[in-house]
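Work through the exercises below with the sequence and the model open. Try each task before reading its solution.

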Amino acid sequence: MAAAVESVVVVHNVAKRHNVGTLARSATAFGVAEVVVVGRRDVSAFGSHGATSHLRFRHFVSLALARAYLKDERGCDICGVEITDDAQPVTAHPFRRSTAFLFGNEGTGLSQKECEICDFFVYIPQYGGGTASLNVTVAASIVLHHFGGKNPPYSSHHSTLFL
């Protein structure tokens, strides 16, 4: 029997701590199994509406340790959500196995260090001309929905997200 395809959310360098609670809410809605927090531990569950009680949280002090866990223990590809030259549209569904998602900081996007741990990148196609970026929690919801929609059922599907 094949292992379940899962996703993980990785939280790193989030500028607005309350976004973690809102991310947890979306992660729960879209079947994420675990949230990996990298660096500081003082994240807020504000906005989660109880979703944090349905998720596993794991903390790592560095991106290198988080990457080792995700690759070696969970068998995840690491997907950066960022507009890069080689990024694929999330609508193309380039996911091949369990995937950990890393989202850019709300102001500056993914750092060079964060990009270096990613196996590939996706972006969210936009059709209006008003802004170049989305709020991190909105972007996470869109990407997790696309991932989960192609990897049902939710009862056996989990997600990982990197921030």
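A salt bridge here is a side-chain nitrogen of Lys or Arg within 4 Å of a carboxyl oxygen of Asp or Glu. The model is predicted. By that cut-off, the whole structure holds five salt bridges.

**Exercise 1. Trace the fold.** State how many helices and strands the protein has, and give their order along the sequence.

Solution.
- Count the elements: there are four helices and eight strands.
- Read them along the sequence: β-α-β-β-α-β-β-β-α-β-α-β.
- Look at the contacts with a separation of 6 or more: residues 24 or more positions apart account for 73% of them.
- Check burial: 48% of the 163 residues are buried.

**Exercise 2. Map the salt-bridge network.** Find which partners Arg74 and Arg58 have, and work out what each pair ties together.

Solution.
- Start with Arg74 and Glu6: their side chains meet in a salt bridge, at 2.6 Å from N to O. Arg74 sits in the loop between helix H2 (63–73) and strand E4 (77–81), and Glu6 in the segment before strand E1 (7–12), so this pair joins parts 68 residues apart in sequence.
- Check their exposure. Arg74 and Glu6 are both buried. For Arg74, the relative accessible area is 16%, and the cut-off for buried is under 20%.
- Move to Arg58 and Glu34: their closest N and O atoms are 2.9 Å apart in a salt bridge. Arg58 belongs to strand E3 (residues 56–60) and Glu34 to strand E2 (residues 34–38), so parts 24 residues apart in sequence are tied together.
- Compare exposure again. Arg58 is partly exposed, at 35% relative accessible area. Glu34 is buried, at 1%.
- Close the chain of pairs: Arg74 also forms a salt bridge with Glu34, at 3.0 Å from N to O. This pair links the loop between H2 and E4 with strand E2, 40 residues apart.
- Put it together: Glu6, Glu34, Arg58 and Arg74 are linked in a network of salt bridges.

**Exercise 3. Describe the largest pocket.** Give its volume, then say what lines it.

Solution.
- Take the volume: the largest pocket holds about 350 Å³ of space.
- List the lining: 20 residues line the pocket, with Val81, Glu82, Ser133, Leu134 and Ala139 nearest its centre.
- Assign elements: strand E7 (120–123) and helix H4 (136–150) each give two or more residues to the lining.
- Sort by character: 10 lining residues are nonpolar, eight polar and two charged.

**Exercise 4. Inspect helix H1.** Which residues of H1 (residues 19–29) are buried?

Solution.
- Seven names to mark: Asn19, Val20, Gly21, Leu23, Ala24, Ser26 and Ala27.
- Step past the helix: just after H1, Gly31 takes a positive phi of about 80 degrees.

Methods. Residues numbered from 1 in each chain as written. Predicted model: local features only at pLDDT ≥ 70, side-chain atom pairs only at ≥ 80, totals over all residues. Heavy atoms only, no water. Buried < 20%, exposed > 50% of the residue type's maximum accessible area, 1.4 Å probe, protein only. 1 Å grid on protein atoms, 1.4 Å probe; cavity = no way out; pocket = protein on both sides within 12 Å on 5 of 7 lines; lining within 4 Å. Points joined across faces, edges and corners; volume = space filled by probe spheres on them. Nonpolar A, V, L, I, M, F, W, Y, C, P; charged D, E, K, R; others polar. Contact = heavy atoms within 4.5 Å.
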